[in-house]
Amino acid sequence: MIVSAMLEQRPDLHVTMTDIAPNIGSFIDPKFLDRVMLHPATTAKSVAGTGRSFNAITIADVLHHVPADARSMFWSDLREICRDTGCRTIIVKDVCPGTLRGFLSLMCDRYITGDRHVTLIRPDDMIADIKHIFQTDAVDISHSEPDKANYCLVVNLK
Ligand SMILES: C[S@@+](CC[C@H](N)C(=O)[O-])C[C@H]1O[C@@H](n2cnc3c(N)ncnc32)[C@H](O)[C@@H]1O
């Protein structure tokens with residue numbers, strides 16, 4: 001949905017989508033598919049070392065699926081991808097714990113999708129993780145929550 005919204009707003013954008021899942025992109029409006037390159041069953045890190053560059057990397061509803069003890073490695077990989085691809089902007093969309101809507105989303109992930117690793121992350125904890133990996137002085141982070149419990153962080157690398 002986020003990809004379709006961005007492509008609707010910005011006709012100049014092209015998207016490269018990676019995911020470790022074998023089937024991806026099913027929520028993209030078919031009218032935008034000619035502007036989306038899908039890489040299923042692929043780690044994000046595989047884009048590093050290919051000579052490609054990106055204006056922005058969007059991570060939508062992924063972090064809460066990454067097991068808590070693997071999140072630090074996820075961010076380290078992302079730091080490497082940003083260095084390699086020249087990307088200076090990361091947009092993170094995730095779900096905040098502590099609301100009924102967030103709780104229902106967590107239960108859906110755990111018991112309908114069946115991902116027992118899911119744990120929701122508070123925006124402040126996500127921001128602390130990002131600052132820890134990228135160094136506090138090297139990032140500007142803005143946080144918005146226009147559709148609680150969904151939140152969005154925009155991370156600008158200096
Ligand atoms: C709720 S879906 C969101 C999919 C897509 N980003 C979107 O917004 O429609 C969560 C996705 O996170 C992916 N995922 C989980 N752990 C991951 C990891 N370590 N690296 C990359 N993707 C991961 C899953 O395969 C799943 O497709």
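I began with D61, which I found in the loop between β3 (57–60) and α2 (71–85). Before going on, I noted that I am reading a predicted model.

**Entry on D61**

I looked up the backbone of D61 and read a phi near 55°, a positive value in a residue other than glycine. I wrote this down because most residues other than glycine have a negative phi. I then checked how far D61 is covered by the protein, and it counts as partly exposed, because its relative accessible area is 30%, between the cut-offs of 20% and 50%.

**Entry on the ligand**

Which residues are around the ligand? I listed D19, I20, A21, A60, D61, V62, H65, V66 and F74, so that D61 from my opening entry is part of this shell. Sorting the shell by kind, I get six nonpolar residues, one polar residue and two charged ones.

I next looked for short distances between N and O atoms of the protein and the ligand. An N or O atom in the side chain of D19 is 2.6 Å from an oxygen atom of the ligand, and a nitrogen atom of the ligand lies 2.9 Å from a backbone N or O atom of A60. As for cover, the ligand on its own has 590 Å² of accessible area, and the protein covers 64% of that.

**Entry on the aromatic rings**

F74, which I had already met around the ligand, led me to the aromatic rings. How many aromatic pairs does the structure hold? I found one. The pair is made by F74 and W75, whose ring centres are 6.1 Å apart and whose planes stand at 85°, an edge-to-face arrangement. I compared the cover of the two residues as well: F74 is partly exposed, with a relative accessible area of 22%, whereas W75 is buried, with a relative accessible area of 1%.

**Entry on strands β4, β5 and β6**

I moved on to the strands and took β6 (residues 150–157) as my reference. Strand β5 (residues 139–147) pairs with β6 in the antiparallel sense over seven bridges, and a hairpin of two residues joins β5 to β6. At that end of the pairing, D147 stands opposite N150 in β6.

I then turned to β4, which also runs antiparallel to β6 and is joined to β6 by seven bridges. Here the bridge partner of V95 in β6 is N150, so that I met N150 a second time, between D147 on the one hand and V95 on the other. I met N150 once more when I looked at K93, a residue in strand β4 (residues 89–95), for a polar contact of 2.5 Å joins the side chains of K93 and N150. K93 itself is buried, because its relative accessible area of 12% is under the 20% cut-off.

Which side chains of β6 point to the buried face, and which point to the other? I followed the strand residue by residue and found that the side chains alternate: Y151, L153, V155 and L157 point to one face and are buried, while N150, C152, V154 and N156 point to the other and are not buried.

**Entry on the turn between β5 and β6**

I went back to the loop between β5 and β6, where A149 is found. The peptide bond from K148 to A149 is cis, with omega near 10°. I kept this in the notebook because most peptide bonds are trans.

**Entry on Q135**

A further positive phi turned up at Q135, where the value is near 80° in a residue other than glycine. I placed Q135 in the loop between α4 (123–134) and β5. Is Q135 buried or exposed? I found Q135 to be exposed, because its relative accessible area of 52% is over the 50% cut-off.

**Entry on two distances along the chain**

Last, I looked up two distances between C-alpha atoms. D34 lies in the loop between β1 (15–18) and β2 (36–39) and is exposed, with a relative accessible area of 66%. From D34 to V118, which are 84 residues apart along the chain, the C-alpha atoms are separated by 32 Å.

For the other distance I chose F103, a residue in helix α3 (residues 100–113), which counts as partly exposed at 46% relative accessibility. The C-alpha atoms of F103 and L120 are separated by 8.7 Å, and these two residues are 17 apart along the chain.

Terms used
Residues numbered from 1 in each chain as written. Predicted model: local features only at pLDDT ≥ 70, side-chain atom pairs only at ≥ 80, totals over all residues. Heavy atoms only, no water. Pairing = 2+ DSSP bridges. Helix = DSSP H or I, 4+ residues; strand = E, 2+ residues; numbered from the N terminus. Phe/Tyr/Trp six-rings, centres within 6.5 Å; stacked < 30°, edge-to-face > 60°. Buried < 20%, exposed > 50% of the residue type's maximum accessible area, 1.4 Å probe, protein only. Near = heavy atom within 4 Å. Polar contact = N/O pair within 3.5 Å; in protein donor to acceptor, adjacent residues only side chain to side chain. Areas by Shrake-Rupley, 256 points an atom, 1.4 Å probe, with all protein chains shown as cover. Nonpolar A, V, L, I, M, F, W, Y, C, P; charged D, E, K, R; others polar.
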